[in-house]
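Dear colleague,

I am handing over the structure we spoke about, and you will find it just below. After it I have set out what was found, grouped by region.

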Amino acid sequence: MDLNKASDFMATHARLLDRRRFELLTGEGDREAVLSALNAYRNPDGGYGHGLEPDLRSRTSQPGPALHAFEVFAELAAATAPEAVALCDWLQAVALPDGGIPFGLRVPDPAGCAPFWAGADPDVPSLQITAVVAAMAQRTAVHDPAVAAHPWLARATRFCLDAARAKTDLHALELAFALWLLDAVHGTEPEAAELIALLGERIPPDGLVHVAGGLEDEMMRPLDFAPYPDTPVRALFAPDVVAAELDRLEAQQEDDGGWRVDFTNYSPAAELEWRGYQTVKAVSILRANGRD
């Protein structure tokens, strides 16, 4: 990894939020600046929209952008932000009776939105989106007592644990995000270890699980399931498998210093925004795994 080239890429191409996140990641940033950049995507109802999720350009508050907001709140540790618990309030308001949240709400302005966002059923709970949002909220809860105590988070987590146990045909993304959540709660949920072992049986030794409905060669890979070391889910993968995936991630840095996502983008803006987002993610993973 060439961190200087990555920095140049971010300065040249990335949206302001990801530039601020990159600065914080590399020790040169300011938490208030990161939060200010995030708040540009915030709505008065406490939710987030306006393209915070790059393939969902709608101005409306949606569950997808809530994931990215909690990513930022987790990165602010040990600082807290009142916006985090306000987001929990919004999620509680849109949650369905079983505690799950829908994949998406009604989109009145679908221009630039991926069809799976624009066409989501607001009356059906989604394990995929509930798990990934709850996983990031649980990471935030480690340093934010107000988020940890919020009733939405407990209900969403319970929904995910029950759904992950009961569902026999987990999509690759559902599998990955359920494991993210289990990693986040393994110290507080007695059943987490058993569920990690159970779900781990669905991942082959090479760690590659095809993403149904995605590109022909689109896979969830070991670092998609367990990006960070010293976690229970990481223990599902042999050390040589993880080392090879880290080598692969390093090699994917392009000549301009940035990384690309390996899934379809739905607008020119989203394609570039995903590159900045993915560059922050790649640098974070590589540094956490001692590859800086």
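A pocket, as the word is used here, is an open set of grid points, on a 1 Å grid over the protein atoms alone, with protein on both sides within 12 Å along at least five of seven lines, and its lining residues are those that have an atom within 4 Å of a point. Please keep in mind throughout that this is a predicted model.

With that in place, the second largest pocket holds about 150 Å³ of space, and its lining is made up of L3, N4, S7, M10, A11, R19, F22, E23, T26 and E28. Two elements, α1 (3-13) and α2, give two or more residues each to this lining, and α1, with five residues, gives the most. Sorted by class, the lining of the second largest pocket has four nonpolar, three polar and three charged residues.

Turning to enclosed space, a search of the whole structure finds one cavity of 30 Å³ or more, and the volume of the largest cavity is about 30 Å³. The residues that line the largest cavity are R15, L17, D18, R21, H68, E71, V72 and Y277, with α2 and α4 each supplying at least two residues of that lining. By class, the lining of the largest cavity divides into three nonpolar, one polar and four charged residues.

Helix α3 comes next. Within α3, which spans residues 31-39, the residues A33, V34, L35, A37 and L38 are buried, and the buried residues of this helix pack against α2 (16-25), α4 (63-75) and α5 (82-94). The N-terminal end of α3 is capped by D30, a side-chain oxygen of which lies 3.1 Å from the backbone nitrogen of E32.

The aromatic residues deserve a paragraph of their own. A search of the whole structure finds 11 aromatic pairs. One of them is formed by F70 and F73, whose arrangement is edge-to-face, at 6.0 Å centre to centre and with 75° between the planes. Because F70 and F73 are three residues apart in helix α4, they are separated by about one helical turn, and both F70 and F73 are buried. A further pair is that of F116 and Y266, whose ring centres are 5.6 Å apart and whose planes stand at 85°, so that this pair, too, is edge-to-face. The pair links distant parts of the chain, since F116 belongs to helix α6 (residues 115-118) while Y266 sits in the loop between α13 (239-251) and α14 (268-288), 150 residues apart. With a relative accessible area of 40%, F116 is partly exposed, and Y266, at 34% relative accessibility, likewise counts as partly exposed. Ring pairs also link Y48, F70, F73 and W152 into a cluster.

Finally, a word on P151, which is placed in helix α9 (residues 151-166). Is P151 buried, exposed or partly exposed? Its relative accessibility is 45%, and because the partly exposed class lies between under 20% and over 50%, P151 counts as partly exposed. From C-alpha to C-alpha, P151 and R42 are 22 Å apart in space, and in sequence they are 109 residues apart.

With best wishes

Notes:
Residues are numbered from 1 along each chain as its sequence is written. This is a predicted model: local features need pLDDT of at least 70, side-chain atom pairs count only at pLDDT 80 or more; totals for chains, interfaces and linings use all residues. Side-chain values use heavy atoms; hydrogens and water are left out. Buried means under 20% relative accessible area, exposed over 50%, partly exposed in between (1.4 Å probe, protein chains only). Helices (H or I, at least four residues) and strands (E, at least two) are DSSP runs, numbered from the N terminus. Contact means heavy atoms within 4.5 Å. A polar contact is a pair of N or O atoms within 3.5 Å; within protein, one must be able to donate a hydrogen and the other to accept it, and residues adjacent in sequence count only if both atoms are side-chain atoms. On a 1 Å grid over the protein atoms alone, a cavity is a set of points where a 1.4 Å probe fits but cannot get out, and a pocket is an open set with protein on both sides within 12 Å along at least five of seven lines; lining residues have an atom within 4 Å of a point. Grid points are joined across faces, edges and corners, and a volume is the space filled by probe spheres set on the points. Ala, Val, Leu, Ile, Met, Phe, Trp, Tyr, Cys and Pro count as nonpolar, Asp, Glu, Lys and Arg as charged, and the others, Gly among them, as polar. Rings of Phe, Tyr and Trp (its six-membered ring) pair if their centres lie within 6.5 Å; planes under 30 degrees apart count as stacked, over 60 as edge-to-face and the rest as tilted.
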